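I opened this model to see how its strands, helices and charged side chains fit together. Here are my notes, in the order I looked things up.

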Amino acid sequence: MIDVEFKITAERREGLLVELGRIVINCGYTLLRPRTATSGEGVLVTLAVRGPERNLSALSEQLSTHPLAQSFESAVLGGKASAPQVNAAQKPRPAARPDEAYAREVEALLPELARHFPKVLPLVVGFEREISPEYLDEASRYAGTRLGAWMFKRDYSLGARLNLADSVKQIALPAMRSLRSCELVDGKLIVKDSPFCGNGLHHGKSCHFLRGCLEGLLNEPGHLGSFDVEEAACRNLGAARCIFTFTPVD
Ligand SMILES: [Zn+2]
């Protein structure tokens, strides 16, 4: 057992302690002394927790990458060496590595997405209009992976372990339906009217954000292995619908 104190700053207070507390408990830790204080423009949450040392890096990562977390510090209590420090802006998801050129803009977008969830797609289209065309596809996909991982942790992390087909059916499909109307046909996810198509921002396939969401949702559990998500057809290239396919990676 190890005692650790986390200091997390966030823009808003509502629901924050509940969300962070859930992460703490999911990692097998006990919340000893949660405190919140107003700090500058936001709120400072101090969490003293106790739990198994082997889960500390998972706990640190989940707290630091929470969409509302703006800064993150941790310290092991009792005079031991400092716990691993993870900075949300520097912690890439496996599906897409953020380039520094856009990581900050994505980090700024994430609290907005959390606040307006599930009505996030218009915000992402607005984000795409602002971001340099050079990074547009990557930045949008990366933002999607972050939101997908967040949706997984928020709604599905306590579920049973599932294989790929069941994960697509029981996690990816309902999660994506909360964002946009879609259906599953022969194991492929079909989106009829993606808002990323035909808006003049993309020349090729345009639904990088949705692809990223699927990557985040399916790759976040970790125990499934990792999956390639491809947009096999896109309305922006003249297809009738956007079609996403899923392939396990060895
Ligand atoms: Zn598309």
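**Entry 1: the β7 sheet.** Before counting, I fixed my term: two strands pair if DSSP finds at least two bridges between them. Strand β7 and strand β8 (residues 242-249) run antiparallel and are joined by seven bridges. I picked out one position: Val 229 has Phe 246 in β8 as its bridge partner. I kept in mind that this is a predicted model.

I then went through the whole sheet. It is open, has four strands in the order β5-β6-β8-β7, and pairs antiparallel. β5 and β7 are its edge strands, each pairing on one side only. From one strand to the next, the twist averages 30°.

Which strands does helix α6 touch? Helix α6 (residues 164-179) packs on this sheet and touches β5, β6, β7 and β8, its direction making about 165° with that of β5. I found α7 lying across β6, β7 and β8, at about 155° to β7.

**Entry 2: the β5-β6 hairpin.** I zoomed in on the turn here. β5 and β6 run antiparallel, with four bridges joining them, and they form a hairpin with two residues between them. Leu 184 has Leu 189 in β6 as its bridge partner.

Asp 186 caught my eye, since its phi is near 50°, a positive value in a residue other than glycine. Asp 186 sits in the loop between β5 (182-185) and β6. Is Asp 186 buried or exposed? Its relative accessibility is 73%, so Asp 186 counts as exposed.

**Entry 3: the other sheet.** I turned to the sheet with the order β2-β3-β1-β4, which is open, has four strands and is antiparallel in its pairing. β2 (30-39) and β4 (69-76) are at the edges with a single partner strand each, so one side of each has no neighbour in the sheet. On average, neighbouring strands here are turned by 15° against each other, direction ignored.

I checked one pair of strands in detail: strand β1 (residues 2-10) and β4 run antiparallel, joined by seven bridges. Thr 9 stands opposite Ser 71 in β4.

Two helices lie across these strands. Helix α1 (residues 16-26) crosses β1, β2 and β3 (42-51) and runs at about 25° to β3. Helix α2 (residues 56-64) lies across β1, β3 and β4, at about 10° to β1.

**Entry 4: salt bridges.** How many salt bridges does the structure hold? I count twelve salt bridges. Side chains of opposite charge can pair when their charged atoms come close.

I looked at Arg 141 and Glu 215, whose closest N and O atoms are 2.6 Å apart. This salt bridge links distant parts of the chain, with Arg 141 in helix α5 (residues 136-155) and Glu 215 in helix α7 (residues 208-219), 74 residues apart. Glu 215 has a relative accessible area of 2%, so Glu 215 is buried. Arg 141, Arg 211, Glu 215 and Glu 230 are linked in a network of salt bridges.

Next I took Glu 220 and Lys 153, a salt bridge whose closest N and O atoms are 3.7 Å apart. Glu 220 lies in the loop between α7 and β7 (226-233) and Lys 153 in helix α5, so this pair ties together parts 67 residues apart in sequence. Both Glu 220 and Lys 153 are buried.

Lys 192 and Glu 183 form a salt bridge too, with the closest N and O atoms 3.9 Å apart. Here Lys 192 is partly exposed, at 47% relative accessible area, and Glu 183 is partly exposed at 26%.

**Entry 5: helix α5 and a cis bond.** I went back to α5, where 15 of the 20 residues are buried. α5 reaches 28 Å from its first C-alpha to its last, close to the 28 Å expected.

I also noted a cis peptide bond from Phe 117 to Pro 118, with omega near 5°. Pro 118 is in the loop between α3 (100-116) and α4 (121-130).

**Entry 6: confidence.** I left the pLDDT check for the end. The chain has a mean pLDDT of 85, with 90% of its residues at 70 or more. Confidence is lowest in β4, at a mean of 78, and highest in strand β6 (residues 188-191), at 98.

Over residues 80-96, pLDDT stays under 50. Where pLDDT is low, the predicted coordinates should not be read in detail.

Definitions and conventions: Residues numbered from 1 in each chain as written. Predicted model: local features only at pLDDT ≥ 70, side-chain atom pairs only at ≥ 80, totals over all residues. Heavy atoms only, no water. Salt bridge = Lys/Arg side-chain N within 4 Å of Asp/Glu carboxyl O. Buried < 20%, exposed > 50% of the residue type's maximum accessible area, 1.4 Å probe, protein only. Axes fitted to C-alpha atoms, helices over the stretch in contact; angles between N-to-C directions. Contact = heavy atoms within 4.5 Å. pLDDT = per-residue confidence, 0-100. Expected span 1.5 Å × (residues − 1).
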